[in-house]
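User: I should like to learn how to read the main features of a protein model. Please take me through them one by one.

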Amino acid sequence: MMKFTKQNFIFLLGGIIIYVVDIGVDFWVASKYLCQGQYSWSLLILCFRGLSLLVTQIFSYEWFKNDWEGTDTGKLKWIFLVHVFQCGIFIRYWFALKYGCQAAFKQNSSGDTPETDSPSLLQKQAIDVVTDINMLRVFKTFLETTPQLCVQIYILMEHGKCNFSQYVALIMSFGGISFSTVDYQISLRKSLPDKDEFPVLSKLTYLFYKLLTITSWILSITLIMLLSVRSSVILLILLWICGFTWTLKQRTTFCKSKKMEYLYRAVVGIILIFTFFNIKGRKTKVCISIYYATHTVVTLGILFVYMFWKPSIIKEISFTVVSILTILSLALGIIFLVVYYRHFHPTAYCRPHACSDEVDGEAGQKDRVKICRFQNFIMQ
């Protein structure tokens, strides 16, 4: 069983700091746009923030309700109130700090330690609560951070100038994507039985694969926005419909209620606009090949459209730089993808009995939710 270490606790503290700073940066950038009279950009930045906040609070409360089923309803009412005020993530961070500190710094407890505070139980509690946070951060990354990054790059290319707050927002966005993707993969490895720790080389390979392919696609979307914002919106809607339809076909079983399951599938549809995720833990060689082949064709198609529709723009240095970055990051990202899947990818996601949809009575159902929530989440 993998352990929650002091290094994990430090990363947890870093995640809290980044989360709080990110909130401040969003409002800072939005206020800058507001002061400059760019009300639409300010509203768009806040809408992305509001959407991710609303979705993560809904899932967070639903998970609390599932985990605390049959316990004191007074606690659930208090938790519900906290989530209504959009602060549920801070409750989860509090639990993560509590269990994480105990697991990381009290591992050498004496033999007379109560069973409820045993090292193995503390380890499981810490890993479970951090895993929930990382799942919520995946939602936030693709509902807020990535769309905001598209908008920020579009504004930079369209107007040719960028103030300090926008540069900070760009750095925070790229940092947020990097941090959440690596943390997500670490949590995935920790949730898998009989898997070794995620080695540094594997982390870097996975990080570069995700970051480079996402960057290439963000730049491609930005180029479409420069041609026509309406066309880019239509393309994104079509891609979401394709992703949502695929998740329906996969018949995912992440949530206990049908309404929450459809919300989950809708969110995964948005995630699939920007990057590929395996939502059933099955072999996806064909699907992932089709996905990135489509991205490659669309990216090259966009560049050809510029060549024949707006040849004057090709002479601009900014377009040349963005085009080179788009193609280069896509090519390097696919190379890292191949290396990761050939050398570092887990061969199995979970044991058949651990992730079975069958539940042995009501008592077993509660434990099954705790064990399998992440194992029914988007895999890789």
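Analyst: Let us begin with a single position; note that this is a predicted model. Thr326 is placed in helix H12, which spans residues 317-343.

User: Is Thr326 buried or exposed?

Analyst: The term "buried" applies under 20% relative accessible area. Thr326 has a relative accessibility of 0%, so the residue counts as buried.

User: Which residues is Thr326 in contact with, leaving aside neighbours within four places in sequence?

Analyst: Thr326 is in contact with Ser216, Leu219, Ser220, Leu223 and Thr299.

User: How should the overall fold be summarised, and how many helices and strands does the protein have?

Analyst: One begins with the inventory of elements: the protein has 13 helices and zero strands. Of its 380 residues, 50% count as buried. Contacts may then be sorted by sequence separation. Among those with a separation of 6 or more, 77% are between residues 24 or more positions apart.

User: Which residues have the most contacts inside the largest nonpolar core?

Analyst: Such a core is read by asking which residues join it and which elements supply them. The largest one here has 93 residues, and Phe4, Phe59, Phe139 and Tyr264 have the most contacts inside it. Helix H5 (residues 119-159) is the element that gives the most to this core, namely 18 residues. At least three residues come from each of domain 1 (1-107 + 120-176) and domain 2 (198-346 + 373-379).

User: What does Phe59 touch, not counting residues up to four places away in sequence?

Analyst: Phe59 touches Phe139 and Tyr264, and also Leu136, Phe254, Cys255, Met260, Leu263 and Val267.

User: How many salt bridges does the count come to, and which residues form one network through shared partners?

Analyst: The count comes to ten salt bridges. For each pair, one notes the distance, the location of both partners and their burial. Asp22 and Arg49 form one such bridge, with their closest N and O atoms 3.0 Å apart. This pair links distant parts of the chain, since Asp22 lies in helix H1 (residues 6-35) and Arg49 in helix H2 (residues 39-67), 27 residues apart. Asp22 and Arg49 are both buried.

Asp22 also meets Lys140 in a salt bridge, at 2.6 Å from N to O. Here the partners are 118 residues apart, with Asp22 in helix H1 and Lys140 in helix H5. Lys140 is buried, as is Asp22.

Glu144 in turn forms a salt bridge with Lys140, the closest N and O atoms being 3.7 Å apart. Both of these residues lie in helix H5, four residues apart, about one turn of the helix. Glu144 and Lys140 are likewise buried. Through shared partners, salt bridges join Asp22, Asp26, Arg49, Lys140 and Glu144 into one network.

User: Let us turn to the surface. Which residues make the nonpolar surface patch of about 500 Å²?

Analyst: One may start from the total: the protein exposes about 19,200 Å², of which carbon and sulfur atoms supply 68%. The patch is made by Val229, Val233, Ile234, Ile237, Leu238 and Ile241. One of these residues, Leu238, lies in helix H8 (residues 229-250).

User: Why is Leu238 described as partly exposed?

Analyst: The term covers the range between the two cut-offs, since buried means under 20% relative accessible area and exposed means over 50%. Leu238 has a relative accessible area of 48%, and therefore counts as partly exposed.

Technical notes:
Residues are numbered from 1 along each chain as its sequence is written. This is a predicted model: local features need pLDDT of at least 70, side-chain atom pairs count only at pLDDT 80 or more; totals for chains, interfaces and linings use all residues. Side-chain values use heavy atoms; hydrogens and water are left out. A nonpolar core is a set of buried Ala, Val, Leu, Ile, Met, Phe, Trp, Tyr and Cys residues joined through side-chain atoms within 4.5 Å. Buried means under 20% relative accessible area, exposed over 50%, partly exposed in between (1.4 Å probe, protein chains only). Helices (H or I, at least four residues) and strands (E, at least two) are DSSP runs, numbered from the N terminus. Domain bounds come from an automatic or database domain assignment. Contact means heavy atoms within 4.5 Å. Patches are made of residues with over 30% relative accessible area and no salt bridge: like charges are joined within 9 Å, nonpolar side chains (Val, Leu, Ile, Met, Phe, Trp, Tyr) within 5 Å. Accessible areas come from the Shrake-Rupley method with a 1.4 Å probe; for residues, only the protein chains shown count as cover. A salt bridge is a side-chain nitrogen of Lys or Arg within 4 Å of a carboxyl oxygen of Asp or Glu.
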